[in-house]
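Welcome, and thanks for taking a look at this one with me. Below are a few notes to read with the model open beside you.

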Amino acid sequence: MKLSELIRIQETLRKKIEPVYSGNNVQFVAGCDVAYTHENSIACVVVMKMSEMSIVETSFHKEKTRFPYIPGFLAFREANAIARAIAKIKTTVDVFILDGHGIAHPRRMGLATHAGILVDRPTIGCAKSLLAGTYRMPGKEKGDFSTVIIDNEVVGICLRTKKGAKPVFVSPGNHMDIENSIKIVLQCTANYKTPEPLRLAHIFANRKKNMEA
DNA sequence: GCGACAG
DNA sequence: ATCTTGTCGC
């Protein structure tokens with residue numbers, strides 16, 4: 001498939017973005033991540049109870065990797081596997097946190113946005129580095145943040161989730177807004193810079209990969 | 001043309 | 001992301 005076609009798909013999906021979180025107070029949060037083998041993609045979803053940060057359910061989905069990693073098109077590589085793993089979850093999850101950007105993307109279609117549209121559920125993107133845009137380094141205290149701007153638009157934030165640790169980039173996916181994104185990410189982050197559900201999904205996906213390998 | 005570029 | 005052990009630093 002040509003890159004120009006993928007861009008057309010992103011521009012079409014972009015029109016479906018719902019920039020508002022109309023859910024209730026978050027009771028269940030989930031982290032989604034993918035680990036790779038030479039030929040397979042292993043997606044993992046970890047659902048946790050927000051109030052106790054305890055695991056309530058996990059799911060996995062393995063499939064052949066059909067798309068390479070191309071900056072700006074990560075969703076075409078991971079979104080399907082993640083959507084399938086999410087489909088196996090029985091718990092009614094309030095919000096899903098994904099490893100990548102939401103609308104902090106050239107066409108506002110980062111992994112979290114794309115996957116959020118596929119499953120039609122609230123999603124937040126939490127990336128370790130910037131894909132596009134500009135920002136100022138935030139303060140060193142937990143909770144300090146600065147805005148990420150693309151095309152003169154605030155699309156997300158650079159957030160310090162842990163004192164002294166490298167900040168993460170948070171942006172709304174689908175059915176989500178910046179304010180709630182910040183609140184939710186900070187709410188499920190304690191001893192590590194990465195939100196607990198996402199941190200565990202990363203560990204579990206890799207554990208699963210190393211077993212069959 | 002040059003440099004940047006989530007996982 | 002993946003290939004990989006110990007090691008420097010708070």
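The points that follow go through the two DNA strands and then a pair of helices.

1. Before anything else, please keep in mind that this is a predicted model. The distances and angles below are computed from that model.

2. Let us begin with DNA strand B. It is surrounded by 19 residues, and the closest are Tyr69, Gly72, His101, Leu111 and Lys128. Sorted by class, the surface near DNA strand B has 8 nonpolar, 6 polar and 5 charged residues.

3. Which parts of DNA strand B lie within 4 Å of the protein, sugar or phosphate, or bases? Sugar or phosphate accounts for 48% of the strand's atoms within 4 Å of the protein, and the rest belong to bases.

4. Some individual contacts to DNA strand B are worth finding on screen. On the base side, a backbone N or O atom of Gly72 sits 3.1 Å from a base nitrogen. Phe73 also has a polar backbone atom 3.3 Å from a base nitrogen of the strand. On the phosphate side, Lys128 places a backbone N or O atom 2.9 Å from a phosphate oxygen of DNA strand B.

5. Now turn to DNA strand C. Around this strand you will find Ala35, Tyr36, Lys128, His202, Asn206 and Lys209. These residues divide into 2 nonpolar, 2 polar and 2 charged. Lys128 may look familiar, as it is also listed among the closest residues to DNA strand B.

6. How does the protein meet the phosphates of DNA strand C? Tyr36 uses its backbone, with an N or O atom 3.4 Å from a phosphate oxygen. Asn206 uses its side chain, where an N or O atom is 3.2 Å from a phosphate oxygen. For Lys209, a side-chain N or O atom is likewise 3.2 Å from a phosphate oxygen of the strand. Two elements, β1 (28-36) and α5 (196-212), each give two or more residues to the surface near DNA strand C. The largest share, 3 residues, comes from α5.

7. Finally, have a look at helices α2 (residues 75-87) and α3 (residues 111-119). Their axes come within 9 Å and cross at roughly 40°, which means that α2 is oblique to α3. The crossing of α2 past α3 is right-handed.

8. Which residues bring α2 and α3 together? From α2 come Ala75, Phe76, Glu78, Ala79, Ile82, Ala83 and Ile86, and they meet Leu111, His114, Ala115, Leu118 and Val119 of α3. By class, this contact has 10 nonpolar, 1 polar and 1 charged residues. Leu111 of this contact is also listed among the closest residues to DNA strand B.

Note on methods:
Residues are numbered from 1 along each chain as its sequence is written. Chains are lettered from A and ligands numbered from 1 in the order in which they are written. This is a predicted model: local features need pLDDT of at least 70, side-chain atom pairs count only at pLDDT 80 or more; totals for chains, interfaces and linings use all residues. Side-chain values use heavy atoms; hydrogens and water are left out. A residue is near a molecule or strand if one of its heavy atoms lies within 4 Å of it. A polar contact is a pair of N or O atoms within 3.5 Å; within protein, one must be able to donate a hydrogen and the other to accept it, and residues adjacent in sequence count only if both atoms are side-chain atoms. Helices (H or I, at least four residues) and strands (E, at least two) are DSSP runs, numbered from the N terminus. Ala, Val, Leu, Ile, Met, Phe, Trp, Tyr, Cys and Pro count as nonpolar, Asp, Glu, Lys and Arg as charged, and the others, Gly among them, as polar. Axes are lines fitted to C-alpha atoms, for helices over the stretch in contact, and angles run from 0 to 180 degrees between N-to-C directions. Angles under 35 degrees count as roughly parallel, over 145 as roughly antiparallel, 65 to 115 as roughly perpendicular and the rest as oblique. A crossing is left-handed if the near helix is turned anticlockwise from the far one by less than a right angle, and right-handed if clockwise. Contact means heavy atoms within 4.5 Å.
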